[in-house]
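Colleague: Could you take one part of this model and walk me through it slowly? I'd like a close look at a single helix pair, and then how the rest of the chain is laid out around it.

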Amino acid sequence: MSRQVLVFLIDALGYEQARDAEFLPSLAAPRAPIETVLGYSSGCIPSLLTGAGPARHGHLSMYRKAPTHGGVFSGIGPWVAAAAKMTGRHWTMRRWISAYLRRRGITGYFSLYDVPLPWLRYFDLCQRKNVYAPQAFSEMPGLPDVLQQHAIPHRIFDWTISEEEAFAGLAAEIRDGNSRVLFFYRPDLDGLMHTVGPRDRRVKEKLDDYSRRIGEMIDTARARHREVEVYVFGDHGMAEVEHTHDVWAALRGLPFAVPGDYLYFLDSTMARFWFRHDEARRSVRRVLAELPYGRILETRELEDLNAFFPQQDYGEMIFLVEEGHLLVPSFMGLTPVRGMHGYHPLAAASYTTLVTNQELAHYPRNLFELHDVLRAAFERAAA
Ligand SMILES: [Zn+2]
């Protein structure tokens with residue numbers, strides 16, 4: 001075989017983490033910031049895979065409002081909430097619900113985090129199918145579809161296996177396999193930086209470890225192939241958390257009830273609302289307007305961010321906090337973490353980057369252009 005394409009998508013590998021040549025020194029080409037999209041990995045990775053924005057592929061945050069015909073949680077019924085309240089064993093219920101969803105054929109990545117169980121049935125998961133498999137997006141093809149359409153021998157290592165299994169599998173495939181494209185995804189750096197913060201020395205150690213292991217993979221591939229194309233990048237960056245805020249308490253202080261008056265979902269950096277009447281809408285807008293650490297994203301700005309959903313799937317009002325701020329408690333967690341993303345795409349730590357051995361005619365400025373770079377590499381591998 002003459003050509004192999006190695007793709008490493010390291011979740012939360014930001015420009016800050018990979019800008020210096022210390023990370024993967026053998027790939028010394030200049031590295032520049034690449035703009036991400038609004039939302040979390042649930043939205044960023046689909047944007048990378050499809051080359052389209054959240055408004056087109058439909059993914060922004062893990063949780064969206066349940067459609068009128070019922071979301072994935074509609075079958076669970078209110079008795080789950082009642083049972084959870086009685087036993088107090090929320091973790092048992094969460095495990096049961098997760099198993100139920102897998103049995104129902106949900107193959108996408110999800111976590112129940114700390115979403116209040118009685119409210120689950122008002123929401124839906126945006127990712128029903130594993131985005132690393134073909135036909136994951138109903139509206140458009142993703143990169144796995146491109147690989148399938150061109151019948152390119154390939155392997156994808158996704159979040160369903162451990163890091164050790166993934167590296168061992170990748171090494172074996174490079175050494176003995178016939179894949180022309182190897183797509184390697186890891187969520188571990190993201191998890192570590194959430195826990196310890198992006199500036200902790202353990203993050204540096206993790207990056208050094210990736211640098212060494214990915215370097216070894218490249219060397220092995222080069223020993224077998226005349227040409228090896230390497231692309232290492234993230235889906236967004238990671239900011240240090242400096243301040244936390246309890247918006248939930250403020251909302252509970254309002255004379256409105258869920259779901260009669262309104263519904264809300266508290267992500268770690270966004271508070272998203274749907275209203276049943278104007279009084280609730282006005283009151284919430286008033287409360288949010290007084291908070292100095294964030295702002296409501298109006299329609300025009302959401303359109304500019306490729307994140308305006310006319311059906312208000314992700315909220316008819318979306319409040320986004322400034323970089324370094326965190327909503328605690330939220331449905332994502334009841335206690336603070338040290339690192340977070342999901343801020344405005346133009347916030348300093350939001351950017352990712354691309355580390356490559358290719359001389360690109362046009363270095364990608366955003367995830368959509370990064371998609372184009374990968375697609376072109378896959379098509380070369382097919383030739
Ligand atoms: Zn994350």
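**A close look at one helix pair**

Modeller: The crossing of H2 and H13 is right-handed (clockwise: the near helix is turned that way from the far one by less than a right angle; anticlockwise would be left-handed). Bear in mind that this is a predicted model, where local features need pLDDT of at least 70, side-chain atom pairs count only at pLDDT 80 or more, and totals for chains, interfaces and linings use all residues. Residues are numbered from 1 along each chain as its sequence is written.

H2 covers residues 41-50 and H13 covers residues 367-382; helices are DSSP runs of H or I with at least four residues, strands are E runs of at least two, and both are numbered from the N terminus. Their axes sit 7 Å apart and make an angle of about 45° (lines fitted to C-alpha atoms over the stretch in contact, with angles from 0 to 180 degrees between N-to-C directions). The pair is therefore oblique; under 35 degrees would be roughly parallel, over 145 roughly antiparallel and 65 to 115 roughly perpendicular, with oblique for the rest. Which residues in H2 meet H13? On the H2 side they are Cys44, Ser47, Leu48 and Thr50, and they meet Leu367, Phe368, Leu370 and His371 (contact means C-beta atoms, placed from the backbone, within 7 Å).

Stepping back, the domain assignment gives domain 1 as 3-55 + 130-239 + 346-382, domain 2 as 63-125 and domain 3 as 242-336; such bounds come from an automatic or database assignment. The C-alpha centres of domain 1 and domain 2 are 31 Å apart.

In all, the protein has 13 helices and 16 strands. Its radius of gyration, 21 Å, is close to the 21 Å that the globule rule gives for 383 residues, so the protein is as compact as a globular one of that length (taken over C-alpha atoms; the rule is 2.2 Å times the number of residues to the power 0.38). The C-alpha trace spans about 70 × 40 × 35 Å along its principal axes. Of the contacts with a separation of 6 or more, 76% link residues 24 or more positions apart.

Buried residues make up 45% of the 383 (20 or more other C-beta atoms within 10 Å; 12 or fewer is exposed, in between is partly exposed, and C-beta atoms are placed from the backbone). Helix H8 (188-196) shows some of them: Leu189, Asp190, Leu192, Met193 and His194. These pack against strand S1 (3-10), strand S6 (181-186), helix H9 (201-224) and strand S15 (339-340). Gly197 follows H8 and has a positive phi near 90°.

Now for some backbone oddities. Most residues other than glycine have a negative phi, and most peptide bonds are trans. Tyr113, in the loop between helix H5 (90-103) and strand S4 (123-125), has a positive phi of about 45°. Gln135, in the loop between S4 and helix H6 (143-149), has a positive phi near 60°. Val258 and Pro259 are joined by a cis bond with omega about 5°, and the bond from Val328 to Pro329 is cis too, with omega near -5°.

Terms used:
Contact = placed C-beta atoms within 7 Å.
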